[in-house]
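Please read this report with the model open beside it. Have the sequence at hand as well.

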Amino acid sequence: MTTEKRKSQHIKICLEEDVQSKYNYLEDVSFIHSALPELNFDDIDTGIKIFGKNLSFPLFISAMTGGTEEAFKINKTLAKACQKTGIGLGLGSQRAMVEDSSLTYTYDVRKYAKDILLIGNIGLPQFVKGYSEKDAIFSVEEIKADMLAVHLNSLQEVSQPEGDLFFKEGLSLLKKLKEKLSFPLIVKETGAGVSKETAEKLSFLDGIDVAGLGGTSWSAVEYYRSKDHKETIKKLWNWGIPTPLSIAECRIAGIKTIIGSGGVRNGFDIAKCISLGATSCGIALPFLKSAVEEDVSGLVEKIETLKREFKIAMFLNSCQKVADLKTRPLMITGELKSMMDQRGMDFHYFNYR
Ligand SMILES: Cc1cc2nc3c(=O)[nH]c(=O)nc-3n(C[C@H](O)[C@H](O)[C@H](O)COP(=O)(O)O)c2cc1C
């Protein structure tokens, strides 16, 4: 099957089928209400600076697509909405433009979003199979992006019939890349999270996007496409490290810039991720429908709603600056509590700060 056909199948499945993991573990995180906020709502500053760029609040649209005419329309629509609202944008895998430079235009959205943080994207298997730093530089510089995310998607690759199952020596390849690139380099998962042990190995990078379990499940997406091994793929539907657990694991590993993503669905979720240790958040699937419909104003409305919810969360936690959220107490309950317990985490760090 051609990459183009596979990508349009992914988009169709994501729009028409249930591809969410069974449980969103951000439900197990709650704030301790501050009855005396001691600040005025309008004085709250939701802005942050990350990778050298200002965001109006801590959010990117996570990597989704590129390489086809439909993808170009999606990326253009997302870019316009990001420029209007002051948030960042991750582009989908740029493999298509590295292999056929005539497809570069499908990612080339800087002209629609001159100020935003724009993140390029290539899968680790491509580097294992022979891409070099030249391909990384081409992917970023050709479209005036600010940085590169290398995606780690072993769960997705193993779930798809045409998957690239090449991850050997990925760590040393990432180290070599980091030495040679002048722009920030991060890794991102695609829905299965990053553990403390993995994060420790990757601490030389400029950040980690956890893209944990709780939102879009790539095994679910591939389940709908698969003809062979359907039952095996179904068993992987809820495989992975829940997003809030993965953020806490990366924090303990000492990662300075953590992106909380995977199942972030409202502004309160964003506040929870920041409070757990993330610097910013990412959301993918909830933006796809409006992007396919080229509905910039619909996207702007969604993003403004997320921003207002995030600001309300800051107000009710008595936070004037985003960083204040990291000092507010949290309650951890349910399955997430049990998982954190088994991973030896100290709840008091969150409960009594
Ligand atoms: C249609 C679609 C295509 C995606 N393509 C990519 C991709 O090319 N590269 C990547 O790193 N992640 C890709 N992702 C994963 C997302 O960036 C994100 O990590 C994941 O969907 C979890 O976030 P969510 O629960 O908010 O959707 C894709 C997601 C969707 C929905």
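The sections below go from the barrel to the ligand, then to one helix and some loop residues.

## Basis of the model

This is a predicted model, in which local features need pLDDT of at least 70, side-chain atom pairs count only at pLDDT 80 or more, and totals for chains, interfaces and linings use all residues. Residues are numbered from 1 along each chain as its sequence is written.

Helices and strands are DSSP runs, numbered from the N terminus: helices are H or I with at least four residues, and strands are E with at least two.

## The barrel

The barrel has 8 strands, closed in the order β4-β5-β6-β7-β8-β9-β10-β11. The pairing is parallel. Two strands pair if DSSP finds at least two bridges between them. From one strand to the next, the twist averages 25°. Axes here are lines fitted to C-alpha atoms, for helices over the stretch in contact, and angles run from 0 to 180 degrees between N-to-C directions.

Strands of a sheet pair through backbone hydrogen bonds, either parallel or antiparallel.

## Strand β11 and its partners

Strand β11 covers residues 280–283. Its residues Ser280 and Gly282 point one way, while Cys281 and Ile283 point the other way. All are buried. Buried means 20 or more other C-beta atoms within 10 Å of the residue's own, exposed means 12 or fewer, and partly exposed is in between, with C-beta atoms placed from the backbone.

Strand β4 (residues 59–61) pairs with β11 in the parallel sense, over 3 bridges. Leucine 59 has cysteine 281 as its bridge partner in β11. Strand β10 (residues 258–261) also runs parallel to β11, joined by 3 bridges. Here serine 261 is bridged to glycine 282. Between β10 and β11 the chain passes through helix α12 (residues 267–276), and this β-α-β crossover is right-handed. Right-handed means that, with the strands pointing away from the viewer, the path from the first strand over the helix to the second runs clockwise. Isoleucine 259 stands opposite serine 280 in β11.

## Around the ligand

The ligand has 25 residues around it. Ser62, His151, Gly215, Thr216 and Ala284 come nearest. A residue is near a molecule or strand if its C-beta atom, placed from the backbone, lies within 6 Å of it. Helix α1 (residues 3–16) gives the most to this shell, with 3 residues.

By class, the shell has 10 nonpolar, 14 polar and 1 charged residues. Ala, Val, Leu, Ile, Met, Phe, Trp, Tyr, Cys and Pro count as nonpolar, Asp, Glu, Lys and Arg as charged, and the others, Gly among them, as polar.

## Helix α11

Helix α11 (residues 243–252) lies across β9 (207–209) and β10. Its direction is at about 170° to β10. The helix is mostly covered, with 8 of its 10 residues buried. These are Thr243, Pro244, Leu245, Ser246, Ile247, Ala248, Glu249 and Cys250.

What covers them includes β1 (29–31), α8 (196–201), β9, β10, α12 and α15 (334–342). Contact means that the C-beta atoms of two residues, placed from the backbone, lie within 7 Å. After α11 comes glycine 254, with a positive phi near 85°.

## Loop residues

Glutamate 294 sits in the loop between α13 (288–292) and α14 (296–316). It counts as partly exposed because it has 13 C-beta neighbours inside 10 Å. Apart from neighbours within four places in sequence, glutamate 294 is in contact with Lys73 and Thr77. Its C-alpha atom is separated by 15 Å from that of alanine 284, 10 residues apart along the chain.

Aspartate 45 is in the loop between β1 and β2 (48–50). It has 13 other C-beta atoms within 10 Å, so it is partly exposed. Not counting residues up to four places away in sequence, aspartate 45 touches Gln320 and Lys321. The C-alpha atoms of aspartate 45 and leucine 325 are separated by 12 Å, although these residues are 280 residues apart along the chain.

## Positive phi outside glycine

Most residues other than glycine have a negative phi. Glutamate 38 has a positive value, near 60°. It lies in the loop between β1 and β2. It is exposed because 7 other C-beta atoms lie within 10 Å.

Histidine 229 also has a positive phi, near 55°. Its place is the loop between α9 (218–225) and α10 (230–235). Histidine 229 has 14 other C-beta atoms within 10 Å, so it is partly exposed.
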